[in-house]
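Please follow the chain below from one of its packed interiors outward to its sheet, and then to the helix that lies against that sheet.

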Amino acid sequence: MEINEAFKIIEKNLGDINKELGFSKTSQEDNCIVFSGEKGIYKVTYDPSSSIMAFECAYENSEDAEFKTLSRSLFDTESYNERDAKSLANEISDELTSLFKARKKVDLDKVKMPKAVSRTKAKSGAISYDTDSLANRFAALYPEMKDAVKENIAKYGEFLPETFFMEVGTPKVLDIIANGTETEQKKLFKMLNEVYEDGINEVQDIIGVTILGEMRNDPKLMAVADKYMSDYMSGPVHEINKLMSKNKKINKLLKNPPPYKPKKKKTNFMQNALQAQNQNMNR
């Protein structure tokens with residue numbers, strides 16, 4: 001299926017929701033279609049290199065509007081058909097309904113930050129760091145990230161670590177690894193080492209795969225990481241980076257995670273590999 005054909009199907013199937021919310025098509029390029037209205041702007045963008053269709057929106061209609069990527073879907077033009085395009089349009093329609101139909105501005109001051117597990121209890125083994133602890137420690141290290149954590153909680157009703165780090169946290173980490181001072185890099189890895197070593201499996205997955213796995217085995221980034229990673233974390237991180245630098249299927253899965261389902265924990269596909277790696281290191 002040609003991408004232009006897919007866009008025509010998507011546009012047609014978004015007709016009713018666009019009419020209801022006051023959106024209309026304002027532009028279309030080879031790999032992007034844009035809709036705008038009084039409520040804001042949204043666009044559907046196709047990346048042929050990864051076969052990913054992204055849904056992005058901005059809550060204001062202006063030339064300097066700030067877009068946020070709210071969802072990514074795998075869309076293989078070589079095998080997908082009209083049914084798949086309609087399905088994607090339905091998903092976008094649901095997103096638009098939840099975002100704009102009864103959208104209320106959230107007062108972030110009223111959103112509570114996730115609580116962190118006590119360092120003393122974590123070190124003693126009485127309790128382990130969870131994903132809320134990771135969010136709290138990350139925001140404490142980078143206060144400018146606090147609102148982004150709260151926005152994640154406000155949108156989903158709970159903190160979704162994979163979504164937060166894929167969209168906001170991981171780019172920050174990679175920037176520190178690539179461009180930060182030695183002091184900044186040392187502080188970053190001190191926190192990651194501690195939370196990883198005394199964290200639950202889900203936390204180890206987030207740090208190892210969603211965050212540090214995005215180094216994609218880049219020699220310069222890995223060299224910085226090797227200076228500060230603990231021996232306990234180094235082995236799994238190296239194995240994950242080797243996999244992610246070579247396996248395109250894994251990369252597509254990471255960029256196209258399962259749809260969000262409230263109050264149901266997702267099992268990361270790397271969890272068993274991480275557990276096996278940690279067991280081998282402890283022998």
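In this predicted model, Leu212 is a useful place to begin: once its neighbours within four places in sequence are left aside, Leu212 is in contact with Val173, Ile177, Phe189, Leu192, Ile207, Met229, Met233, Val237 and Asn241. Several of these residues return when the surroundings are considered as a whole, since the largest nonpolar core has 40 residues, and the members that touch the most others are Ile177, Phe189, Ile207, Leu212 and Met233. The elements that contribute two or more residues to this core are helices H5 (131-141), H6 (146-156), H7 (161-179), H8 (182-197), H9 (201-211), H10 (219-228) and H11 (231-246), and the largest share, 6 residues, comes from H8. Apart from this core lies another, of 26 residues, which includes Ile10, Phe35, Leu70 and Phe75. As a general background to such cores, nonpolar side chains in soluble globular proteins tend to be buried together.

The sheet comes next. Its 5 strands form an open sheet in the order E1-E2-E3-E4-E5, with antiparallel pairing; E1 and E5 (68-74) are the edge strands, each pairing on one side only, and from one strand to the next the twist averages 15 degrees.

Within this sheet, how many of the residues of E4 are buried? The count is 7 of 7, so E4 is largely enclosed by the rest of the structure. Its side chains are divided between two directions, with Ile52, Ala54, Glu56 and Ala58 pointing one way and Met53, Phe55 and Cys57 the other, and all of them, Glu56 included, are buried. On one side, E4 pairs with E3 in the antiparallel sense over 7 bridges, and here Val44 stands opposite Phe55. The hairpin of E3 and E4 has 4 residues between the strands, and in it Ser51 takes a positive phi near 60 degrees. E4 is also joined to E5, again antiparallel, by 6 bridges; in E5, Ser71 is the bridge partner of Phe55, while Lys68 is the bridge partner of Cys57. Phe55 is thus placed between Val44 and Ser71 in the pairing of these strands.

Helix H1 (residues 3-13) can now be set against the sheet. Its buried residues are Ile3, Ala6, Phe7, Ile9 and Ile10, and, seen down the axis of H1, they fall within an arc of 165 degrees, so they line one face of the helix. The face turned away from this buried side carries the exposed residues Lys8 and Lys12. What do the buried residues of H1 pack against? They pack against strands E1 (24-29), E2 (32-37), E3 (40-47) and E4 (52-58), and also against helix H3 (82-101). Ile10, one of the buried residues of H1, is also among the members of the 26-residue core.

Finally, the chain may be viewed in its entirety. It has 13 helices and 5 strands, and 43% of its 283 residues count as buried. Of the contacts between residues at least 6 apart in sequence, 58% join residues at least 24 apart. The chain exposes about 15900 Å², of which carbon and sulfur atoms supply 46%.

Notes:
Residues numbered from 1 in each chain as written. Predicted model: local features only at pLDDT ≥ 70, side-chain atom pairs only at ≥ 80, totals over all residues. Heavy atoms only, no water. Core = buried A, V, L, I, M, F, W, Y, C linked by side-chain atoms within 4.5 Å. Buried < 20%, exposed > 50% of the residue type's maximum accessible area, 1.4 Å probe, protein only. Contact = heavy atoms within 4.5 Å. Arc of directions from axis to C-beta. Pairing = 2+ DSSP bridges. Axes fitted to C-alpha atoms, helices over the stretch in contact; angles between N-to-C directions. Areas by Shrake-Rupley, 256 points an atom, 1.4 Å probe, with all protein chains shown as cover.
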